[in-house]
Amino acid sequence: MRIRIVDTFTDRPFTGNPAGVMLLDAFPDDERLQQVALEVNHAETAFAHRLPEGGRADWALRWFTPATEVNMCGHATLATAHVLHTTGAHQGPVRFATRSGVLIATPREDGSITLDFPTASLTPVEIPDRVAEALGAEPLAVFDTGPDIGDLLVEVADEETVRALTPDIRSLGAFSARGVIATAGAEDPTRGYDFVSRCFFPNVGIDEDPVTGSAHTALAPYWSQRLGRAELTGLQASPRSGRVRTELRGDRTLLSGPAVTVIEGDLLA
């Protein structure tokens, strides 16, 4: 079976968020998928197989971290669409059947891919006890992102605070199903981005995710309301870093970015 490693939300190798991608004839048992994801050991590995023509979707798609299957993953969806288009396995927009419903990925003339994802629900909550201590910064506002995302969205004072965070990763797992998104407005929007974020997901085996598409389905509505614009660019300020273009369309959020394949080989086991 062919396996590929794709760096996403970037046009340069060794930056952005890497994902494993495997195109299959059918899904093997869950234990096998989890073993492969653990061996790949990136934030997510995507597994996809073609569906019969004439249905609501073209390909079935699942995502696994090294520890568990997840309900939604933006960067591994982008990676899968990139593989489908660059290998000729699929042309034009592709509809994926997933745990989060049918998700559409559309290639653009500039080489990027746009994902059509459900917008996360944002519910303001009281600042939990000890979250400031665990995160290493005082929250300005805290929101629950709903069951599909499963994160606590925390706004902090400024971009410098986001970049300087050194959280207690294990402690962050107590505050939500997946983890914590820390965010702030851009210090200088002329640099080409409107807000920054970092994402810590201890409950799915990811201490810090390099670039998180699913988190931007919550970040987009939050910052679009704050900044008064539907189209924004988010910078995820992880060590690998990457940018996500977002466009809020009511209950749907468009996430756009490029990808590059860096490794291709055979799974022998």
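**Exercise 1. Is H216 buried or exposed in this predicted model, and what does it touch?**

Step 1: start with the accessibility. H216 has a relative accessible area of 0%. The cut-off for buried is under 20%, so H216 counts as buried.

Step 2: place H216 in the fold. This residue sits in helix 6, which runs over residues 216-227.

Step 3: look for a polar partner. A polar atom of the H216 side chain lies 2.8 Å from the backbone oxygen of T212.

Step 4: collect the contacts. Leaving out residues up to four places away in sequence, H216 touches F195, S197, P221, G234, Q236, V244, T246, T253 and L255. Keep F195 and S197 in mind, since both belong to strand 13.

**Exercise 2. Work out how strand 13 is covered and which strands it pairs with.**

Step 1: count the buried residues. Strand 13 spans residues 195-201, and seven of the seven are buried, so the strand is largely enclosed by the rest of the structure.

Step 2: split the strand by face. F195, S197, C199 and F201 point to one side, while V196, R198 and F200 point to the other, and all of them are buried. Both faces are therefore covered.

Step 3: go through the pairings.

- Strand 12 (residues 179-185) pairs with strand 13 in the antiparallel sense, over six bridges. Here A184 has V196 as its bridge partner.
- Strand 15 (residues 231-236) pairs with strand 13 in the parallel sense, over three bridges. V196 turns up again, this time opposite L235.
- Strand 14 (residues 206-209) pairs with strand 13 in the antiparallel sense, over two bridges. The bridge partner of F201 is I206.

Step 4: check the turn. The hairpin of strand 13 and strand 14 has four residues between the strands, and G205 takes a positive phi near 80 degrees there.

**Exercise 3. How many aromatic pairs does the structure hold, and how are the rings of F195 and W223 arranged?**

Step 1: get the count. A search of the whole structure turns up four aromatic pairs.

Step 2: take F195 and W223. Their ring centres are 6.1 Å apart and their planes make an angle of 10 degrees, so this pair is stacked. The pair joins distant parts of the chain, with F195 in strand 13 and W223 in helix 6, 28 residues apart.

Step 3: check burial. F195 comes out at 0% relative accessibility, so F195 is buried. W223, at 3%, is buried as well.

Step 4: compare with the pair Y222 and W223. The centres of these rings are 5.2 Å apart and the planes sit at 85 degrees, so the geometry is edge-to-face. Y222 is buried too, at 7% relative accessibility.

Step 5: put the rings together. Ring pairs link F143, F195, Y222 and W223 into a cluster.

**Exercise 4. Why is there no bond between the sulfurs of C73 and C199?**

Step 1: run the search. Across the whole structure, zero disulfides are found. C73 is in none, and the nearest cysteine sulfur to it belongs to C199, 11 Å away.

Step 2: turn it around. Seen from C199, the closest cysteine sulfur is that of C73, and 11 Å is too far for a bond. The cut-off is within 2.5 Å, so the pair fails on distance.

Step 3: add the surroundings. C73 is buried at 3% relative accessible area, and C199 is buried at 0%.

**Exercise 5. Which residues of helix 1 are buried, and which are exposed?**

Step 1: list the buried ones. In helix 1 (residues 30-40), these are L33, Q34, V36, A37 and V40. They cover an arc of only 160 degrees around the axis, so they lie on the same side of the helix.

Step 2: flip to the other side of helix 1. E31 and E39 are exposed there.

Step 3: ask what does the covering. The buried residues are covered by elements including strand 1 (2-8), strand 2 (17-24), strand 3 (44-50), strand 4 (59-64) and strand 5 (69-70).

Step 4: finish at the ends. D29 caps the N-terminal end of helix 1, with a side-chain oxygen 3.1 Å from the backbone nitrogen of E31. Just after the helix, N41 takes a positive phi of about 65 degrees.

Terms used: Residues are numbered from 1 along each chain as its sequence is written. This is a predicted model: local features need pLDDT of at least 70, side-chain atom pairs count only at pLDDT 80 or more; totals for chains, interfaces and linings use all residues. Side-chain values use heavy atoms; hydrogens and water are left out. Buried means under 20% relative accessible area, exposed over 50%, partly exposed in between (1.4 Å probe, protein chains only). The arc is that of the directions from the helix axis to the C-beta atoms. Contact means heavy atoms within 4.5 Å. A polar contact is a pair of N or O atoms within 3.5 Å; within protein, one must be able to donate a hydrogen and the other to accept it, and residues adjacent in sequence count only if both atoms are side-chain atoms. Two strands pair if DSSP finds at least two bridges between them. Rings of Phe, Tyr and Trp (its six-membered ring) pair if their centres lie within 6.5 Å; planes under 30 degrees apart count as stacked, over 60 as edge-to-face and the rest as tilted.
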